[in-house]
Amino acid sequence: MYPVWENVRKALQVAADMYKRHANKKCSPQPTFQVRDKVFLSTKYIHLKVPCHKLGPKFMGPFPIIRVINLVTVELKLPPMLGKTHLVFHSSLLKPVITTGLHNLPTPSSPVQVDGEWQYEIEQIVDSRRHHGTLQYLVVWKRYPCTDASWVMSTEVRAPRLIAQFHHRYPDKPIEDTANSAFGLPESSPLVVYGHDFVPIPEIPREKPQVLSLSEWSDRLREMWPLAYGALDAAHQAHKKQGDKKRVKPKEYTVGDRVYLSTKFFQTSQKSKKLGPKYVGPFPIIKVINPVSVHLELPKYLNRVYPVFHVNLLKPERTSLLRASLVAPPAPLLIESEQHFEIKEILDSRKHRNRIQYLVAWKHFPTSRAPMYGLLCFFTISSKYVCLTAKVQQEIDEVVGTNRTPSMEDRLKMPFTNAVVHEVQRYEIGSAESFPRATTCDVKFHGYNIPKCITVAPILPSLHYDPLHWETPEKFNPDHFLDEKGQFRKIDAFMPFSAGKRACPGEALARMELFLFFSTLLQRLTFYLDGDTKDTDVMSLFMAFNNKTQCPLIQAVKRSVNNCVE
């Protein structure tokens with residue numbers, strides 16, 4: 001038992017040391033104080049005579065240190081106004097006074113004792129306001145910077161002469177209902193301010209409250225109740241009207257409609273709900289219970305889920321004439337009472353957090369090949385057109401060299417490389433994003449009347465092979481993007497990222513990545529076609545890979561330093 005206890009004790013000590021080491025990274029060094037040093041004292045545990053502790057100062061002082069008890073505890077010399085406060089404080093409640101030759105803080109004035117209370121002197125009143133029905137003044141304290149000015153209630157400001165001066169300068173600022181209560185002056189004596197006579201405003205007489213009997217009170221309440229009820233109903237209707245503007249009308253479903261079901265409130269087969277699907281289905285509706293509740297026909301693997309759902313958890317299945325309806329994926333297989341999906345192929349592998357992970361394509365589920373197809377086009381063109389690749393590498397060597405990698409600042413100095421990148425996107429079939437749209441109103445376009453809510457699919461790739469805009473549309477020619485002086489030029493018919501309000505939002509990022517990726521690879525490598533695909537044209541290779549019938553073999557050879565121009 002003793003060896004086990006020793007191992008446990010050592011493990012606990014190692015854990016404690018590790019926690020201490022990580023905690024010390026965030027801890028600041030303890031300040032060292034000496035006798036006669038001046039420090040500011042935190043008001044965190046000191047009761048301040050202010051209406052709200054949040055509006056009071058965070059630190060007060062500075063106060064001198066008269067004794068250092070230990071490394072973290074000192075004794076301060078406090079003024080008489082803090083006579084009931086203990087003089088010993090922890091160093092975490094202190095802040096040293098830092099003074100430089102460029103900026104020396106003036107020592108704030110000590111409070112003055114008036115009628116047995118400690119009060120600070122006011123130097124100037126700069127503004128007034130009404131806050132929650134109470135008059136407040138913005139006062140600047142004597143021997144304090146203007147940034148420490150604070151709002152104080154008028155009943156706590158005992159400076160009638162400063163108040164009179166302020167209201168004489170700014171007569172439009174808020175003032176008390178009666179001047180006598182605000183200034184604290186006798187009614188008969190005027191006050192001379194800057195050579196002018198200031199006469200207090202006479203007090204406004206107020207009516208005495210009426211005394212009503214119980215029956216009169218009940219009659220008055222009966223008269224006022226319809227008005228109050230009408231006001232409350234009007235406010236309720238106003239709030240409902242504002243809420244209806246943001247509220248979406250629920251979708252109306254019928255029996256036989258197919259909908260997707262949200263997985264928000266039931267557990268899926270995924271270990272992490274974040275990695276699981278947001279919707280499953282589609283499932284048919286077999287009964288409409290009410291306008292907001294429907295009964296679904298769920299598969300067997302969801303037999304523990306109650307089949308009645310609110311319409312907020314449903315999403316209708318959308319179909320278009322331009323594409324066939326999606327085939328519903330099959331239900332998972334039950335193997336040893338657990339749900340499993342079939343794997344079609346393994347695409348990639350990696351080591352993540354000391355574990356091996358595989359990128360798998362599931363059977364009967366779609367797989368995106370867009371990234372792989374885009375890279376293949378760049379590699380295929382650079383390996384097929386060796387002369388153009390050599391010209392791009394020569395331009396890279398002259399502008400960038402071999403000591404650094406290309407950057408976006410180099411794109412303006414490399415017009416031919418930029419033209420090759422654009423020509424690859426033009427020559428690549430299916431590169432443009434031709435997502436379906438829908439008309440929002442009746443449109444007349446080139447003599448054709450297109451009604452509202454009609455699905456329209458723009459064939460943007462056709463622009464890239466239009467002979468009206470391109471000299472040799474069927475050939476790979478980077479000169480399409482070069483002017484007579486060999487500088488890069490833009491062409492309006494080039495739309496690989498679509499156009500209009502629904503254009504690709506990542507167009508700028510994609511252009512930057514394509515240029516940097518293409519130029520960096522050709523700076524270090526040279527690509528060659530290998531195998532039986534040497535004599536095959538580029539367009540046939542594109543179509544073969546797109547139809548999954550053939551994949552070209554490309555060999556990458558590292559460039560030697562001697563071939564680069566220093």
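A cavity here is a set of grid points where a 1.4 Å probe fits but cannot get out, and its lining residues have an atom within 4 Å of a point. With that in mind, let's walk through this predicted model, starting with the empty spaces inside.

Searching the whole structure turns up two cavities of 30 Å³ or more. Take the second largest one to begin with. Its volume is about 30 Å³, and you can find its walls by picking out Arg411, Asn418, Val421, His422, Gln425, Arg511 and Phe515. Two elements, α7 (415-427) and α8 (507-524), give two or more residues each to that lining. The top contributor is α7, with four residues. Sorted by class, the wall is a mix: two nonpolar, three polar and two charged residues.

Now move over to the largest cavity, which holds about 50 Å³ of space. Around this one sit Ile381, Ser382, Tyr385, Leu388, Thr389, Val392, Val420, Phe476 and Phe518. Helices α5 (370-384) and α6 (386-399) each chip in at least two residues, and α6 gives the most, with three. The class count here reads seven nonpolar, two polar and no charged residues.

Next, the aromatic rings. There are six aromatic pairs in the whole structure. One of them joins Tyr137 and Phe166 edge-to-face, with 6.2 Å from centre to centre and 90° between the planes. This pair ties together distant parts of the chain, since Tyr137 belongs to strand β9 (residues 134-141) and Phe166 to helix α2 (residues 160-169), 29 residues apart. Both Tyr137 and Phe166 are buried.

Another edge-to-face pair is made by Phe481 and Phe494, at 5.2 Å centre to centre and 80° between the planes. Both partners come from the loop between β25 (455-456) and α8, 13 residues apart. Are these two rings buried or exposed? Phe481 has a relative accessibility of 1%, so it counts as buried. Phe494 has a relative accessible area of 10% and is therefore buried too, given that the cut-off for buried is under 20%. If you zoom out a little, Phe481 and Phe494 turn out to belong to one aromatic cluster with Trp470 and Phe488.

Finally, look for lysines over rings. The charged end of Lys95 sits over the ring of Phe40, 5.9 Å from its centre. Over at Phe416, the face of the ring has Lys391 lying over it, at 4.4 Å from the ring centre.

Methods:
Residues numbered from 1 in each chain as written. Predicted model: local features only at pLDDT ≥ 70, side-chain atom pairs only at ≥ 80, totals over all residues. Heavy atoms only, no water. 1 Å grid on protein atoms, 1.4 Å probe; cavity = no way out; pocket = protein on both sides within 12 Å on 5 of 7 lines; lining within 4 Å. Points joined across faces, edges and corners; volume = space filled by probe spheres on them. Nonpolar A, V, L, I, M, F, W, Y, C, P; charged D, E, K, R; others polar. Phe/Tyr/Trp six-rings, centres within 6.5 Å; stacked < 30°, edge-to-face > 60°. Buried < 20%, exposed > 50% of the residue type's maximum accessible area, 1.4 Å probe, protein only. Lys NZ or Arg CZ within 6 Å of the ring centre and 35° of its normal.
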